[in-house]
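Here's a walk through some contacts worth pulling up on screen. Keep the viewer open as you read.

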There are 4 protein chains.
Amino acid sequence: MQCPFDTKPRWERRKDARPQELLAAALDLFVERGFASTRLEDVAKCAGVSKGTLYLYFTNKEELFKAVVRDSVVPVIGHAEDIIAGFDGHSADLLRSVMHNWWQRLGAAKASGLTKLIMAEAGNFPDIACFYQEEVIARGTRMFASMLERAVVRGEFRPIDITITTQVLIAPMLMLQTWKHPVGPCDLNSLDPIAFIDAFLDMALHGLLPEPAA
Amino acid sequence: MQCPFDTKPRWERRKDARPQELLAAALDLFVERGFASTRLEDVAKCAGVSKGTLYLYFTNKEELFKAVVRDSVVPVIGHAEDIIAGFDGHSADLLRSVMHNWWQRLGAAKASGLTKLIMAEAGNFPDIACFYQEEVIARGTRMFASMLERAVVRGEFRPIDITITTQVLIAPMLMLQTWKHPVGPCDLNSLDPIAFIDAFLDMALHGLLPEPAA
Amino acid sequence: MQCPFDTKPRWERRKDARPQELLAAALDLFVERGFASTRLEDVAKCAGVSKGTLYLYFTNKEELFKAVVRDSVVPVIGHAEDIIAGFDGHSADLLRSVMHNWWQRLGAAKASGLTKLIMAEAGNFPDIACFYQEEVIARGTRMFASMLERAVVRGEFRPIDITITTQVLIAPMLMLQTWKHPVGPCDLNSLDPIAFIDAFLDMALHGLLPEPAA
Amino acid sequence: MQCPFDTKPRWERRKDARPQELLAAALDLFVERGFASTRLEDVAKCAGVSKGTLYLYFTNKEELFKAVVRDSVVPVIGHAEDIIAGFDGHSADLLRSVMHNWWQRLGAAKASGLTKLIMAEAGNFPDIACFYQEEVIARGTRMFASMLERAVVRGEFRPIDITITTQVLIAPMLMLQTWKHPVGPCDLNSLDPIAFIDAFLDMALHGLLPEPAA
DNA sequence: CATGAATGAGAGTTCATTCAT
DNA sequence: TATGAATGAACTCTCATTCAT
């Protein structure tokens, strides 16, 4: 989290950069404080413009949020889809690859905080919830499911239930995203994300039980 | 969320019932709307009393929230600890038992929504975050870890890293809790929690890869 | 200030003592916190009864206040009037006597704080103001003026303007009453009331200028 | 108290005039109603703006009050200090001069009501009390004491006790200030301030007793 | 395009007063 | 008489949104 609150002098005040600066500032603050608790005045200040200016680019708070999502989350899903389409090896490696990639491109980035935000505040902002459901959740789920189908078809995974296993695999990654953002000031949760992913993949692939004799 | 309380006549006093009614109403609304967005007037109305009455029983919003947690979440952890202490069989069965129990007693109940709430709003309400961290998270984590230690000591699980595996096991359960609460009105996510838990346990215990030997 | 807030057990809960206990508690709190800021619940608690009971004896806050004044201030004026009526010596001695007596009986007592209270809050509570004006101020002023008239008539004071000198003499005594009650927590004003009265009488009787030759 | 400001059209902006208008309105209402009983909404309305606008200029009620004091009382003390520093004649004349000046610049103005306010409400608002004690009372007292020291040193006053005489001289002036503000609606106290000051000075300088010699 | 002063509904909290018991 | 649970209006302070400049 960088900004609160130095009005950036920005030597070259390029008009066309405005929306991007506003989106970046909004992402920062939405992730840090949540949707309802983020004040547009702070977003503006953080982007070095006035409150009124923000309304020239985004009709209201909800539209600003949607723009942030479109800008920072949606592209990542497309990228993952590309990886899957072009992959050729064992599905276990594909799974590892997609998971680590996800983390690098999304989980580790600020945008990961949006997951937490949506889970918590969707109820109060139906518009936003619908938008996110369609643009992110549904699409991300399809992408994951297609990977599992491939694995089962090729006999590389046991013949598991695709739908539910998709959810089982996604769940910890989402938790990882939310854990990355401190839960309050007395956060004891010093978690190593990479270790978490590896431990999870290890467990998911091999199970907790000892090798059955053999 | 429908307020399950009929508006009671003004002078029908039930001092001893009040706190419970208020706690129930507060739980409903906190889970539905989050901490910041829940208006105390609504809580009061929902419990069939006036705004002022609420302050006869709880000094302020934060104390009301803490009381809700103490009333609905904390006892569940104690119960789980008891199960573990008294269990005698194979750790895989203990894990299954604790997970299903958790779901029945906490996950399936409204109180599960508090997890979501905390994740989202902890940053904005440090006092609450600390309270929850100490009373719920730390204690719940210890409980889970003790179960894994037992499993490894008895040679019933592979010698995994306790700390991180605890988190890996907890993560999907927390996600399950948050998923239970619809992400907005257009929630497509019709998830069967029991099936989810079973699928997760199956994966966690046996892994995704096919039996190696055979 | 004694009470805030031990519910007095009062072995013998005499009903007939109730009003007196309430008046005493009310005086304490009115003086300490002012009229508007004194909560009737505190008055009741301080007298060891419930909030509702207070309303059995006094119809509302204003009536309670009037009762306090009638109980603690009004009698003192009558006493001063008696002193004047029965005095026989030099008027300078009478003035000294009345002033010291006033201080002993009223200024030094808690009731002195009511002066401060009235000055400050009269504007917001016209009923109270009128009551106090009639019962206390007007009567007290007449009493003082009669003393000055006697002094001038007997040639013991210079032929000063009675009305205005009355005010000039009363003013410092009233200030002394208000100063007795600390002006906030950082009150540096460690004032010796007796010394103040003596200094004032000395100045009033002899003046600040040196003895004119002689 | 009539609000001297006509309601201005919403979009007639006068940023630079606002603070002064708000301070004037606040002074009026604080003096009329006291600190606790003054509603900020009324202050705003009286200055022709909305409630929210007030918060653009003053962070909260206490800061508004401090600003009022800084604006209306503090400068007057500085002026009195200048008079003393530059005065050359007899101390009796200096005393007369300072007193009359005080009355003209402070006593006669609305700001004189702040004295009353502080005396009454300091106990309930410690922050304000400390501020006033430091910025006004302590400084004003020092100013008066320096004047008396000068008088005694030059042999123009009897060798009186500086500290206590300072208080004796200040007391009636403070009372005069509070009397200026009617004690409720049925105020019988039609007092001529100039006559009061002159009578007080006459008494203070010459005493009440007749010339001894002659 | 850009500004930022202004708005006003709405939140948490307090307390004099009521009234069934 | 005595209680104390309940009320609801009132207060301070916040912030998304508007709009004259």
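## Salt bridges within and between chains

B:Glu81 is partly exposed at a relative accessible area of 28% (buried means under 20%, exposed over 50%, partly exposed in between, using a 1.4 Å probe and protein chains only). Its salt-bridge partner is B:Arg139, with the closest N and O atoms 3.3 Å apart; a salt bridge here is a side-chain nitrogen of Lys or Arg within 4 Å of a carboxyl oxygen of Asp or Glu. B:Arg139 is partly exposed too, at 24%. Chain C has a salt bridge between C:Glu81 and C:Arg139, where the closest N and O atoms are 3.5 Å apart. C:Glu81 sits in helix H5 of chain C and C:Arg139 in helix H8 of chain C, so this pair ties together parts 58 residues apart in sequence. (Helices are DSSP runs of H or I with at least four residues, numbered from the N terminus.) Both ends are partly exposed, C:Glu81 at 29% and C:Arg139 at 25%.

What does B:Arg158 pair with? It forms a salt bridge with A:Asp202, the closest N and O atoms being 3.4 Å apart. B:Arg158 lies in the loop between helix H8 (126-153) and helix H9 (162-180) of chain B, while A:Asp202 is in helix H10 (residues 193-206) of chain A, so this one joins two chains. A:Asp202 is partly exposed, at 31%. Over all chains, the whole structure has 40 salt bridges.

## How to read the numbers

This is a predicted model: local features need pLDDT of at least 70, side-chain atom pairs count only at pLDDT 80 or more, and totals for chains, interfaces and linings use all residues. Residues are numbered from 1 along each chain as its sequence is written, chains are lettered from A and ligands numbered from 1 in the order in which they are written, and side-chain values use heavy atoms, with hydrogens and water left out.

## Around DNA strand F

There are 37 residues around DNA strand F, and B:Arg18, B:Ser50, C:Thr53, C:Tyr57 and D:Arg39 come nearest (near means a heavy atom within 4 Å). Sugar and phosphate make up 66% of the strand F atoms that come within 4 Å of the protein. By class, this surface has twelve nonpolar, ten polar and 15 charged residues; Ala, Val, Leu, Ile, Met, Phe, Trp, Tyr, Cys and Pro count as nonpolar, Asp, Glu, Lys and Arg as charged, and the others, Gly among them, as polar. Helix H3 (51-57) of chains A, B, C and D supplies at least two residues in each case.

Now for the phosphates. A polar side-chain atom of C:Tyr57 is 2.4 Å from a phosphate oxygen of strand F, and an N or O atom in the side chain of D:Tyr55 is 2.8 Å from one. A:Thr38 uses a polar backbone atom instead, 3.2 Å from a phosphate oxygen of the strand.

## A buried histidine in chain C

Is C:His181 buried or exposed? It's buried, with a relative accessible area of 9%, and is found in the loop between H9 and H10 of chain C. Leaving out residues up to four places away in sequence, C:His181 touches C:Val31, C:Lys110, C:Ser112, C:Gly113 and C:Lys116 (contact means heavy atoms within 4.5 Å). C:His181 and C:Ser112 are 69 residues apart in sequence, yet 8.6 Å apart in space, C-alpha to C-alpha.

How values were computed
Polar contact = N/O pair within 3.5 Å; in protein donor to acceptor, adjacent residues only side chain to side chain.
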